[in-house]
Amino acid sequence: MSGPRGGEGESSLTADKLAVTELLYRYAELIDAGDFDGVGALLGRGSFMGVAGAERIASLFAGTTRRFPDHGNTPRTRHLVLNPVVDVHADTAAARSTFCVVQQTETVPLQPIVVGRYRDTFTRGGDGWYFAERLVDIEMIGDVSAHLLVDPRRFT
């Protein structure tokens, strides 16, 4: 853990860590809602796995993630972000966390479908914290046939 200690400095560090952690959770909320334009806007000031720009990131998600129109055009998933560790250094931050994606459809029983790690960097601008880069390390893959339109194994 880095940053100022004691009194107001510690309160500021806690607020910064909370703001960064909320970005991690906001990503999960947006993708589970099928709001890929929102995902693009959230990540678009930085890059996602080397893809930069809000529109390009939104297109990447729209082109690779199955959505179910009869269920609000969502992917019928829950992205669980677990064990976030956030280090703040002035106007930059780094976070690492575990993710587990669960899914249930008419043809797929409730089950975990992918597990891995996020490695994120953040920058603080005049309007608060934002993603500078998100890297994803997939560690375990289950049945993603009802979730993805591509085989993630080809990217590992």
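**Reading the sheet, helices and pocket of a predicted model**

Colleague: How many residues lie between strand 5 and strand 6 in their hairpin?

Modeller: In this predicted model, strand 5 and strand 6 form a hairpin with 2 residues between them. The two strands run antiparallel and are joined by 12 bridges. Pairing requires at least two bridges, so strand 5 and strand 6 count as partners. Within this pair, Thr 121 stands opposite Glu 133 in strand 6.

Colleague: What makes strand 3 and strand 4 a pair, and in which sense do they run?

Modeller: Strand 3 (residues 77-89) and strand 4 (residues 92-103) are linked by 11 bridges in the antiparallel sense. Set against the requirement of at least two, this count makes them a pair. Arg 78 faces Val 102 of strand 4. These two strands also form a hairpin, with 2 residues between them.

Colleague: What is the order of the strands in the open sheet?

Modeller: The sheet has 6 strands in the order 2-1-6-5-4-3, and its pairing is mixed. Strand 2 (51-52) and strand 3 are at the edges, each with a single partner strand, so one side of each has no neighbour in the sheet. Strand 4 and strand 5 are antiparallel over 12 bridges, and there Phe 99 stands opposite Gly 116 in strand 5.

Colleague: How do you know that strand 1 and strand 2 pair?

Modeller: Strand 1 (residues 47-48) and strand 2 share 2 bridges in the antiparallel sense. The cut-off is at least two, so this pair meets it. Phe 48 stands opposite Val 51 in strand 2.

Colleague: What is the phi of Ala 90, and why is Ala 90 called exposed?

Modeller: Ala 90 has a phi near 55°, a positive value in a residue other than glycine. Most residues other than glycine have a negative phi. Ala 90 lies in the loop between strand 3 and strand 4. Its relative accessible area is 61%; exposed means over 50%, so Ala 90 is classed as exposed.

Colleague: Which loop holds Arg 76?

Modeller: Arg 76 is in the loop between helix 3 and strand 3. Its phi is near 60°, again a positive value in a residue other than glycine.

Colleague: Why does Glu 106 count as exposed?

Modeller: Glu 106 has a relative accessibility of 58%. That value passes the cut-off of over 50%, so Glu 106 is exposed. Glu 106 belongs to the loop between strand 4 and strand 5. The C-alpha atoms of Glu 106 and Ala 146 are separated by 9.9 Å, although 40 residues apart along the chain.

Colleague: What makes helix 2 mostly covered?

Modeller: Of the 8 residues in helix 2, 6 are buried. They are Phe 36, Gly 38, Val 39, Gly 40, Leu 42 and Leu 43. Buried means under 20% relative accessible area, so each of these six residues lies below that value.

Colleague: Which residues of helix 3 are buried, and why are they said to line one face of the helix?

Modeller: The buried residues of helix 3 (residues 54-64) are Ile 57, Ala 58, Phe 61 and Thr 64. Viewed down the helix axis, they fall within an arc of 145°, so they line one face. An α-helix has 3.6 residues a turn, so residues three or four places apart point the same way. The face turned away from the buried side of helix 3 carries the exposed residues Glu 55, Arg 56 and Ser 59.

Colleague: Which residues touch the most other members of the largest nonpolar core?

Modeller: Tyr 27, Val 39, Leu 43, Phe 61 and Phe 122 do, within a core of 31 residues. Helix 1, helix 2, helix 3, strand 3, strand 4, strand 5 and strand 6 each supply at least two residues of this core. Helix 1 gives the most, with 8 residues.

Colleague: Which residues lie nearest the centre of the largest pocket?

Modeller: Phe 48, Val 136, Ile 138, Leu 148 and Pro 152 lie nearest its centre, among 23 lining residues. The space in this pocket is about 630 Å³. Elements that each supply at least two lining residues include helix 1 (7-32), strand 5 (111-125) and strand 6 (128-141).

Colleague: How does the lining of the largest pocket divide by class?

Modeller: The lining has 17 nonpolar, 5 polar and 1 charged residues. Phe, Val, Ile, Leu and Pro count as nonpolar, so the five residues nearest the centre belong to that class.

Methods
Residues are numbered from 1 along each chain as its sequence is written. This is a predicted model: local features need pLDDT of at least 70, side-chain atom pairs count only at pLDDT 80 or more; totals for chains, interfaces and linings use all residues. Side-chain values use heavy atoms; hydrogens and water are left out. Helices (H or I, at least four residues) and strands (E, at least two) are DSSP runs, numbered from the N terminus. Buried means under 20% relative accessible area, exposed over 50%, partly exposed in between (1.4 Å probe, protein chains only). The arc is that of the directions from the helix axis to the C-beta atoms. On a 1 Å grid over the protein atoms alone, a cavity is a set of points where a 1.4 Å probe fits but cannot get out, and a pocket is an open set with protein on both sides within 12 Å along at least five of seven lines; lining residues have an atom within 4 Å of a point. Grid points are joined across faces, edges and corners, and a volume is the space filled by probe spheres set on the points. A nonpolar core is a set of buried Ala, Val, Leu, Ile, Met, Phe, Trp, Tyr and Cys residues joined through side-chain atoms within 4.5 Å.
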